[in-house]
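Q: I have a new protein model open in front of me and would like to learn how to read it. Could we go through it together?

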Amino acid sequence: MVNGSKQQGLFTLAERKALIQDIYKDNSNVEVIAIEHKVAAVDIAIQNGCYTMVRGLRDLTDFAAEKQLAEINLIIAEQKVNTIALFANPKNTTISSTRVKELFSLGKSIDSFVHPTVKFAIQNKGKIKNEAHMQKEVRNLKNKLIAGGSSNEKAQKDADNIVKLAAQY
């Protein structure tokens, strides 16, 4: 896996690598290679003695893009690396990481779309993010109380805001 030009994902490259390694921990013929910098996947394949790349296709848009990429990879790799394309199960053709995150944020089940390890990580990532947000808000309110020399009434109102905020998380 390579950190390409896509927008920042929910997980860092190291976190994604760890998730994949955990999912395939019982499969000794799977090695997860994570590269921080931009490099052609076909070059990484050659460096690691791989001469076939397997790509997944959801729809015709994926097919067109992957066909072009496979042809370019053949040229770059001087005909040494072939690409095999596998079509997704029809029930999975409309799903993407964006849709999974959207479903999760709406409180919908993502069980049909991700491995249980990934679901657990998404749930915990949200908790960590929410806890960090909560801690930041509490610090901000505390600093306002200290800086403002708040009256007892104001302090009580701010404390109530903290409790309301905590209830959201």
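What follows is a short conversation about this predicted model.

Q: Let's start with the outline. How many helices and strands does the protein have, and which pattern do they follow?
A: A good habit is to list the elements before looking at any residue. Here the secondary structure comes to 6 helices and 2 strands. Reading along the sequence, you meet them in the pattern α-α-β-α-β-α-α-α.

Q: How do the strands run relative to each other, parallel or antiparallel?
A: For this, look at the bridges that join them. Strand β1 (residues 52–57) and strand β2 (residues 82–87) are parallel, and 6 bridges join them. One place to look is Leu-57, which stands opposite Phe-87 in β2. Between the two strands the chain passes through α3, giving a β-α-β crossover that is right-handed.

Q: What share of the residues is buried?
A: Of the 169 residues in the protein, 17% are buried. You can also ask how far apart in sequence the touching residues are. Among contacts with a separation of 6 or more, 58% are between residues 24 or more positions apart.

Q: Which residues make up the largest nonpolar core?
A: First the general idea: in soluble globular proteins, nonpolar side chains tend to be buried together. In this model the largest nonpolar core has 9 residues: Phe-11, Leu-19, Ile-95, Val-100, Ile-110, Val-114, Val-118, Ala-121 and Ile-122. Helix α5 (residues 116–148) gives the largest share of this core, with 3 residues. Apart from this core lies another one, of 5 residues, including Val-42, Ala-45, Met-53 and Ala-77.

Q: What does Val-114 touch, leaving aside its neighbours within four places in sequence?
A: Val-114 is in contact with Val-100 and Lys-119, once those neighbours are set aside.

Q: Where is Asn-73, and is it buried or exposed?
A: Asn-73 sits in helix α3. Its relative accessible area is 7%, so Asn-73 counts as buried, the cut-off being under 20%. Not counting residues up to four places away in sequence, Asn-73 touches Val-42 and Met-53.

Q: How many salt bridges does a search of the whole structure find?
A: The search finds 8 salt bridges. To read one, check which side chains meet, then how exposed each partner is. Take Lys-25 and Asp-22, whose side chains meet at 3.4 Å, N to O. Lys-25 is exposed, with a relative accessible area of 58%, while Asp-22 is partly exposed at 32%.

Q: What about the salt bridge between Lys-119 and Asp-111: what is its N to O distance?
A: In that pair the distance is 2.6 Å, N to O. Lys-119 is partly exposed, with a relative accessible area of 25%, and Asp-111 is partly exposed too, at 45%. Asp-111 is found in the loop between α4 (97–105) and α5. You can also place Asp-111 by its backbone: its C-alpha atom is 9.7 Å from that of Val-100, and the two are 11 residues apart along the chain.

Q: Which residue forms a salt bridge with Asp-62?
A: The partner is Arg-58, and the closest N and O atoms of the pair are 3.1 Å apart. Asp-62 lies in helix α3 (residues 60–76). At a relative accessible area of 17%, Asp-62 is buried, whereas Arg-58 is partly exposed, at 36%. A polar atom of the Asp-62 side chain also lies 2.9 Å from the backbone nitrogen of Arg-58. Not counting residues up to four places away in sequence, Asp-62 touches Gly-56 and Leu-57.

Q: Last topic: backbone angles. What are the phi values of Glu-78 and Gln-79?
A: The general idea is that most residues other than glycine have a negative phi. Glu-78 has a positive phi, near 50°, and is not a glycine. Gln-79 is not a glycine either, and its phi is positive at about 70°.

Q: Where do Glu-78 and Gln-79 lie, and are they buried or exposed?
A: Glu-78 lies in the loop between α3 and β2, and Gln-79 is in the loop between α3 and β2 as well. Glu-78 is exposed, with a relative accessible area of 60%, and Gln-79 counts as exposed at 58%.

Definitions and conventions
Residues are numbered from 1 along each chain as its sequence is written. This is a predicted model: local features need pLDDT of at least 70, side-chain atom pairs count only at pLDDT 80 or more; totals for chains, interfaces and linings use all residues. Side-chain values use heavy atoms; hydrogens and water are left out. Helices (H or I, at least four residues) and strands (E, at least two) are DSSP runs, numbered from the N terminus. Buried means under 20% relative accessible area, exposed over 50%, partly exposed in between (1.4 Å probe, protein chains only). A polar contact is a pair of N or O atoms within 3.5 Å; within protein, one must be able to donate a hydrogen and the other to accept it, and residues adjacent in sequence count only if both atoms are side-chain atoms. Contact means heavy atoms within 4.5 Å. Two strands pair if DSSP finds at least two bridges between them. A crossover is right-handed if, with the strands pointing away from the viewer, the path from the first strand over the helix to the second runs clockwise. A nonpolar core is a set of buried Ala, Val, Leu, Ile, Met, Phe, Trp, Tyr and Cys residues joined through side-chain atoms within 4.5 Å. A salt bridge is a side-chain nitrogen of Lys or Arg within 4 Å of a carboxyl oxygen of Asp or Glu.
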